[in-house]
Amino acid sequence: MSGAARPSVSVVMPFAGDAAAASAALATLAALRVGEPDERILADNADNADNADNAGTVAVPGALAGVTVIAAAGERSPARARNAGAACARGEWILFLDADCVAPADLLDRYFAEPVDADVGALAGEVLPAGGSVSGSLAARYGAERSFLSQRAHLAHRYLPRAAAANLLVRRSAFAALGGFHEGLRAAEDTDFAWRLQQAGWRLELRAGAHVEHRYRTTVGELRAQWRDYAAGRAWLGRRYPGFVPEPAARRALARARRRVTQLGAPDRGGRAGRAGGPPLRDRAAFLALDALLAGEELAGLVLSNRPRSAAAPGAAASVVLVAERFPARGDPLVDFALSLDCARVEAAARPQQTESAGARLRIDYREDDGIAARALAFTRLLARHPARCAAEGWRRRASPAAPKLTALAPAARRLARDPGARVHGIGGDGARVGAARLAALAGARPEHHL
């Protein structure tokens with residue numbers, strides 16, 4: 001299908017690298033074959049993007065012909081950059097393409113080589129290891145052999161099909177209905193988007209022919225950090241989605257170890273130890289050691305918060321703290337109310353399925369982001385300093401066993417304690433009213449009337 005016959009596409013590439021990486025990203029975008037209504041957008045989320053008037057002066061050396069560079073101001077995260085790029089997009093479809101991917105020139109046409117049904121909200125283009133990965137560093141060879149961004153594998157996920165946003169074509173109307181990617185997250189924002197998309201009634205399909213090549217991490221240190229992030233994201237998904245339980249890291253590691261040990265002794269085509277088509281013999285023992293190392297990183301990541309490392313430090317003390325359940329939901333008039341208040345902060349239980357983009361201007365802390373480690377530490381400190389409050393909370397919870405446990409409320413109570421004198425309001429349903437009263441009691445504040 002030619003560019004003139006297919007729907008219009010806006011290509012959005014999130015970016016946060018240095019000048020050399022920017023040149024490579026711009027070259028990838030410029031090499032794409034596009035039609036008249038198509039767009040190519042680089043969303044600059046590097047350090048210089050903190051100032052919307054300073055885009056492109058540090059990381060991005062200047063756009064090539066036909067490529068628009070926009071500043072993705074605010075938090076440094078792929079979700080923020082994708083949302084900023086999508087906000088400028090005009091195409092019927094939005095193609096999210098990571099900066100560490102290399103795409104064929106006809107990628108857009110490949111997506112529409114077959115008709116797309118009206119109920120398909122997104123097409124997942126395959127993500128293959130870059131050709132040079134097999135001769136690169138140990139970390140790059142490991143990533144290429146594992147190919148852990150394979151869309152085919154993601155779509156076979158045991159809970160719900162998911163997709164990596166490294167190469168993901170999304171119907172613009174579906175993206176707008178969901179409110180985009182959830183921000184304020186370290187990892188798993190693309191899995192969350194794919195699951196919300198399907199829960200909203202859209203289908204997710206594979207387009208294996210619309211493939212790109214991905215450059216995996218080149219150092220073991222980067223690989224370790226990536227594994228911690230992935231595990232923190234899975235733990236967050238477990239808190240957010242009832243019925244989804246992350247597979248224990250130890251079980252995953254043992255399964256990989258058994259496969260590696262089997263590969264070590266199996267002969268390949270040349271009669272050498274190792275299986276045919278598998279990694280070279282020199283890598284198999286190293287990959288086994290990496291599996292063990294990364295299993296430890298997974299265990300560490302499962303207890304961590306899913307907030308970005310670059311999350312802003314707490315601002316000035318809030319004068320009003322609004323306690324909500326799922327916030328900010330699409331069309332909720334309380335979003336405008338919250339925005340009208342000075343020095344307000346929202347303490348919410350979780351993000352909604354369909355979010356209100358205006359909520360990005362609010363200061364919101366989510367209980368679902370608090371990892372096991374943060375909850376345990378906050379609970380220990382709260383119990384040591386205010387045992388009577390903790391005991392009283394235990395009695396209150398006996399009347400409503402379904403309410404959040406004290407360990408889940410402890411980080412929020414400690415955040416509230418950093419806003420001395422703040423008025424505490426519950427907004428929304430009865431759950432928010434009860435939650436506001438419980439948090440206020442734990443923090444030694446006084447809840448005010450329910451809104």
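## The eight-stranded sheet

Strand β1 (residues 9-15) runs parallel to strand β2 (residues 39-44), and 6 bridges join the two. Within that pairing, Ser10 has Glu39 of β2 as its bridge partner. Helix α1 (residues 19-31) packs on the sheet here, with contacts to β1, β2, β3, β4 (93-97) and β5. The direction of α1 makes about 170° with that of β1. Keep in mind that this is a predicted model.

Zooming out, β1 and β2 belong to an open sheet of 8 strands, ordered β3-β2-β1-β4-β7-β6-β8-β5, with mixed pairing. At the edges sit β3 (68-71) and β5 (101-102), each of which pairs on one side only.

## Strand β6 and its two neighbours

Now for β6 (residues 120-129), which is mostly covered: 8 of its 10 residues are buried. On one hand, β6 runs parallel to strand β8 (residues 203-214), joined to that strand by 8 bridges. Ala122 is part of this pairing, with Leu204 in β8 as its bridge partner.

On the other hand, β6 pairs with β7 in the antiparallel sense, over 3 bridges. Here Leu123 has Leu169 of β7 as its bridge partner. As a general point, side chains in a regular strand alternate between the two faces of the sheet.

## The loop between α5 and β7

Two residues are worth a look in this loop. Ala164 lies in the stretch between α5 and β7, and counts as buried because its relative accessibility is 5%, against a cut-off of under 20%. Leaving out residues up to four places away in sequence, Ala164 touches Leu149, Gln151, His154 and Asp190. Ala164 also lies 7.6 Å from Ala124, C-alpha to C-alpha, although the two are 40 residues apart in sequence.

The other residue is Tyr159, whose ring pairs with that of Trp195: the centres are 4.6 Å apart and the planes stand at 50°, so the pair is tilted. Tyr159 sits in the loop between α5 (151-155) and β7 (167-171), while Trp195 belongs to helix α7 (residues 189-199), so the pair ties together parts that are 36 residues apart in sequence. How buried or exposed is each partner? Tyr159 is partly exposed, with a relative accessible area of 25%, whereas Trp195 is buried, at 0% relative accessibility.

## More aromatic rings

A search of the whole structure turns up 17 aromatic pairs. In general, such a pair is described by the distance of the ring centres and the angle of the planes. Trp227 and Tyr230 form a tilted pair, with 6.0 Å from centre to centre and 45° between the planes. Both residues are in helix α8 (residues 220-240), and because they are 3 residues apart, about one helical turn separates them. Trp227 counts as buried at 3% relative accessibility, while Tyr230, at 29%, is partly exposed.

This pair is part of a wider picture: ring pairs link Trp227 and Tyr230 with Tyr142, Phe148, Tyr216 and Phe287 into a cluster. A ring can also sit opposite a charge, as with Phe181: the charged end of Arg82 sits over the ring, 5.1 Å from its centre.

## The four-stranded sheet

There is another open sheet, made of 4 strands in the order β11-β10-β9-β12, with parallel pairing. Its edge strands are β11 (364-366) and β12 (423-426), each pairing on one side only. From one strand to the next, the twist averages 25°.

Strand β9 (residues 320-326) pairs with β12 in the parallel sense over 4 bridges, and Val323 has Gly426 of β12 as its bridge partner. Helix α15 (residues 430-443) packs on this sheet, touching β9, β10 (344-350) and β12. The direction of α15 makes about 135° with that of β9.

## The protein as a whole

Overall, the protein has 15 helices and 12 strands. Of its 451 residues, 49% are buried. The exposed area comes to about 19500 Å², with carbon and sulfur atoms supplying 56% of it.

What share of the contacts between residues at least 6 apart in sequence join residues at least 24 apart? In this protein, 76% of them do.

Technical notes. Residues are numbered from 1 along each chain as its sequence is written. This is a predicted model: local features need pLDDT of at least 70, side-chain atom pairs count only at pLDDT 80 or more; totals for chains, interfaces and linings use all residues. Side-chain values use heavy atoms; hydrogens and water are left out. Two strands pair if DSSP finds at least two bridges between them. Contact means heavy atoms within 4.5 Å. Axes are lines fitted to C-alpha atoms, for helices over the stretch in contact, and angles run from 0 to 180 degrees between N-to-C directions. Rings of Phe, Tyr and Trp (its six-membered ring) pair if their centres lie within 6.5 Å; planes under 30 degrees apart count as stacked, over 60 as edge-to-face and the rest as tilted. Buried means under 20% relative accessible area, exposed over 50%, partly exposed in between (1.4 Å probe, protein chains only). A charge sits over a ring if NZ of Lys or CZ of Arg is within 6 Å of the ring centre and within 35 degrees of the ring normal. Accessible areas come from the Shrake-Rupley method with a 1.4 Å probe; for residues, only the protein chains shown count as cover.
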